[in-house]
Amino acid sequence: MLDIQKILTISTLHVRPETAFKLANNHKTSEIPVTVYSKGDFGWFIYFPKNPDMKNIPEDLALCINLAMENECSVLCLDCDGQIIKYMPTYFAKI
């Protein structure tokens with residue numbers, strides 16, 4: 001039997017700049033307890049266990065992971081061109 005997983009792709013605007021920085025550096029710090037793979041300058045693939053321990057996950061990212069789990073996805077893709085979910089908070093980087 002093939003192992004097929006669903007991925008939810010949403011905009012990187014759904015995480016704060018501070019969370020984006022942590023995701024970008026998670027391979028060095030492991031500060032966020034999920035597996036993060038970079039999509040270069042475009043975002044991240046985030047793998048999480050079936051019942052993730054949310055206590056060390058930033059609230060903005062936890063909302064995104066919860067949305068993925070509610071839609072029976074095992075992977076969250078945050079992409080700069082991903083869909084913006086109207087009922088979820090969005091954040092913009094300060095220039």
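**Exercise 1.** Is Asp79 buried or exposed?

*Solution.* We're working with a predicted model here.
- Step 1: look up the relative accessible area of Asp79, which is 11%.
- Step 2: compare it with the cut-off; buried means under 20%.
- Step 3: Asp79 is therefore buried, given its 11%.

**Exercise 2.** Find the salt-bridge partner of Asp79 and say where the two residues sit.

*Solution.*
- Step 1: the side chain of Asp79 meets that of Lys39 in a salt bridge, at 2.3 Å from N to O.
- Step 2: now place them: Lys39 is in the loop between strand 2 and strand 3, while Asp79 belongs to strand 4. They're 40 residues apart, so this pair links distant parts of the chain.
- Step 3: check Lys39 too. Its relative accessibility is 22%, so Lys39 counts as partly exposed.

**Exercise 3.** Work out how strand 4 fits into its sheet.

*Solution.*
- Step 1: write down the strand order, 1-4-3-2, for this open sheet of four strands with mixed pairing.
- Step 2: spot the edges, strand 1 (7-11) and strand 2 (35-38), each pairing on one side only.
- Step 3: zoom in on strand 3 (residues 43-47) and strand 4 (residues 75-79): they run antiparallel and five bridges join them. Tyr47, for instance, stands opposite Val75 in strand 4.
- Step 4: add the helices. Helix 3 (residues 59-70) packs on the sheet and touches strand 1, strand 3 and strand 4. Helix 1 (residues 17-24) lies across strand 2, strand 3 and strand 4.

Methods:
Residues are numbered from 1 along each chain as its sequence is written. This is a predicted model: local features need pLDDT of at least 70, side-chain atom pairs count only at pLDDT 80 or more; totals for chains, interfaces and linings use all residues. Side-chain values use heavy atoms; hydrogens and water are left out. Two strands pair if DSSP finds at least two bridges between them. Contact means heavy atoms within 4.5 Å. Axes are lines fitted to C-alpha atoms, for helices over the stretch in contact, and angles run from 0 to 180 degrees between N-to-C directions. A salt bridge is a side-chain nitrogen of Lys or Arg within 4 Å of a carboxyl oxygen of Asp or Glu. Buried means under 20% relative accessible area, exposed over 50%, partly exposed in between (1.4 Å probe, protein chains only).
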